[in-house]
Amino acid sequence: MASKTPGFEGVTEYCERCGQTTTHQVAVELRTENTNTENAAFSREPYRVATCCECDAEHAQRMNNA
Ligand SMILES: [Zn+2]
């Protein structure tokens with residue numbers, strides 16, 4: 001299980017590309033999202049972006065999925 005610590009830099013997570021647990025740089029970004037719903041053409045959603053320090057794989061995960 002990956003520890004959920006948003007906004008925390010340098011966390012240890014499982015990397016699918018590496019196939020093992022590696023150190024990730026974690027940042028929170030606001031990304032513009034194009035939804036195909038009629039009311040919100042552009043909405044900026046906070047994403048938690050974890051970048052693997054070993055292979056540079058980027059894992060972006062939307063935070064407010066509640
Ligand atoms: Zn990796």
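## Starting with the cysteines

A disulfide is a pair of cysteine sulfur atoms within 2.5 Å. In general terms, a disulfide is a covalent bond between the sulfur atoms of two cysteines. By that definition, this protein holds zero disulfides. Its cysteines are still worth a look, as the zinc site below will show.

A few words on how to read this report. The model is predicted, with local features needing pLDDT of at least 70 and side-chain atom pairs counting only at pLDDT 80 or more, while totals for chains, interfaces and linings use all residues. Residues are numbered from 1 along each chain as its sequence is written, and side-chain values use heavy atoms, with hydrogens and water left out.

## The overall fold

Let's begin with the big picture. The protein has four strands and zero helices; here helices (H or I, at least four residues) and strands (E, at least two) are DSSP runs, numbered from the N terminus. Read along the sequence, the pattern is β-β-β-β.

Of the 66 residues in the protein, 23% are buried. Buried means under 20% relative accessible area, exposed means over 50%, and partly exposed lies in between (1.4 Å probe, protein chains only). Contacts, meaning heavy atoms within 4.5 Å, also link distant parts of the chain: among those with a separation of 6 or more, 31% join residues 24 or more positions apart.

## The zinc site

Which residues are the protein donors of the zinc ion? They are C15, C18, C52 and C55, each through its SG atom, lying 2.3 to 2.4 Å from the ion. Donors are N, O and S atoms within 2.8 Å of the metal (3.2 Å for Na, K and Ca); water is not among the atoms, so sites may look incomplete. Along the chain, the donors follow the spacing C-x2-C-x33-C-x2-C. C18 sits in the loop between β1 (11–15) and β2 (20–34), and C55 in the loop between β3 (42–52) and β4 (58–62), so this pair ties together parts that are 37 residues apart in sequence.

The angles among the four donor atoms are 106 to 112°, and the site is tetrahedral. Four donors count as tetrahedral if all angles lie between 85 and 135 degrees. For comparison, the ideal angle for four tetrahedral donors is 109.5 degrees. As for exposure, C52 is buried at 1% relative accessibility, whereas C18 is partly exposed at 26% and C55 is partly exposed at 22%.

## The loops beside the zinc donors

The loop between β1 and β2 also holds E16, which is exposed with a relative accessible area of 66%. E16 and A57 are 41 residues apart in sequence, and their C-alpha atoms are 8.7 Å apart in space.

In the loop between β3 and β4 you will find D56. Its phi is near 65°, a positive value in a residue other than glycine. D56 is exposed, with a relative accessible area of 61%.

## The hairpin of β1 and β2

How many bridges join β1 and β2? There are five, and the strands pair in the antiparallel sense; two strands pair if DSSP finds at least two bridges between them. C15 has Q20 in β2 as its bridge partner, and E13 stands opposite T22 in β2. Four residues lie between the strands of this hairpin, where G19 takes a positive phi near 75°.

Is T22 buried or exposed? T22 is buried, at 5% relative accessibility. Leaving aside neighbours within four places in sequence, T22 is in contact with V11, T12, E13, C15, C52 and E54. Two of the zinc donors, C15 and C52, are therefore among the contacts of T22, a neat link between hairpin and metal site.

## Two residues in strand β3

R48 belongs to strand β3 and is buried, at 10% relative accessibility. The side chain of R48 makes a polar contact with the side chain of E13 (2.4 Å). A polar contact is a pair of N or O atoms within 3.5 Å; within protein, one must be able to donate a hydrogen and the other to accept it, and residues adjacent in sequence count only if both atoms are side-chain atoms.

P46 is also found in strand β3, and is partly exposed with a relative accessible area of 23%. Setting aside neighbours within four places in sequence, P46 is in contact with V28, E29, L30, Q61, R62, M63 and N64.

Notes: Four donors count as tetrahedral if all angles lie between 85 and 135 degrees; four count as square planar and six as octahedral if opposite donors are over 155 degrees apart and all others between 65 and 115; anything else is irregular.
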